[in-house]
Amino acid sequence: MNLETKISLGADTVKEGELRSFRHGTRAILVTKIDGVLSAMDDSCNHAGCLLSGGRIEGHLIICECHEIGFDAQSGRNMTSPGIADDQPTYRLVVENGTMFVFVP
């Protein structure tokens, strides 16, 4: 049984190098575009709950503004502080005919 919700947004809603947060119910979802590739993850850092959308992009990492933990934009993997924070939950994202679909559990 598929328990995902499909959220649709215009594919051009997120610009290159932008951290963009969208609300889905009580959940905040971060969508980024790095080197032309869109990705989606939970916007609330699993370490202390800070919003990753308030951070910055360094290369392919999303850097949390609170504790400088760097998460890979595509995989959500914690690349800078193993043992301090878990990997960040990511969401499947598909672009079809100019529409971006984010699949949220």
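Good morning; this short talk concerns the cysteines of the structure before you.

Please bear in mind that we are looking at a predicted model. How many disulfides does the structure hold? The model contains 1 disulfide. Its partners are Cys-50 and Cys-66, with an S to S distance of 1.9 Å. The link of Cys-50 and Cys-66 is left-handed, with -100° about the S-S bond.

Where do these two residues lie along the chain? Cys-50 sits in the loop between strand S4 (37–42) and strand S5 (56–58). Cys-66 belongs to the loop between strand S6 (61–63) and strand S7 (70–72). The two cysteines are 16 residues apart, and the pair thus links distant parts of the chain.

I turn next to accessibility. Cys-50 counts as buried, at 15% relative accessibility, whereas Cys-66 is partly exposed, with a relative accessible area of 35%.

Let me now consider Cys-45 and Cys-64. Cys-45 is in no disulfide, and its nearest cysteine sulfur is that of Cys-64, 4.0 Å away. Why is this pair not counted as a disulfide? A disulfide requires two cysteine sulfur atoms within 2.5 Å, and the sulfur of Cys-64 lies 4.0 Å from that of Cys-45.

Are these two residues buried or exposed? Cys-45 is buried, with a relative accessible area of 3%. Cys-64 also counts as buried, at 1% relative accessibility.

To close, Cys-50 and Cys-66 are joined by a disulfide, while Cys-45 is in no disulfide and Cys-64 is likewise in none. Thank you for your attention.

Note on methods:
Residues are numbered from 1 along each chain as its sequence is written. This is a predicted model: local features need pLDDT of at least 70, side-chain atom pairs count only at pLDDT 80 or more; totals for chains, interfaces and linings use all residues. Side-chain values use heavy atoms; hydrogens and water are left out. Helices (H or I, at least four residues) and strands (E, at least two) are DSSP runs, numbered from the N terminus. Buried means under 20% relative accessible area, exposed over 50%, partly exposed in between (1.4 Å probe, protein chains only).
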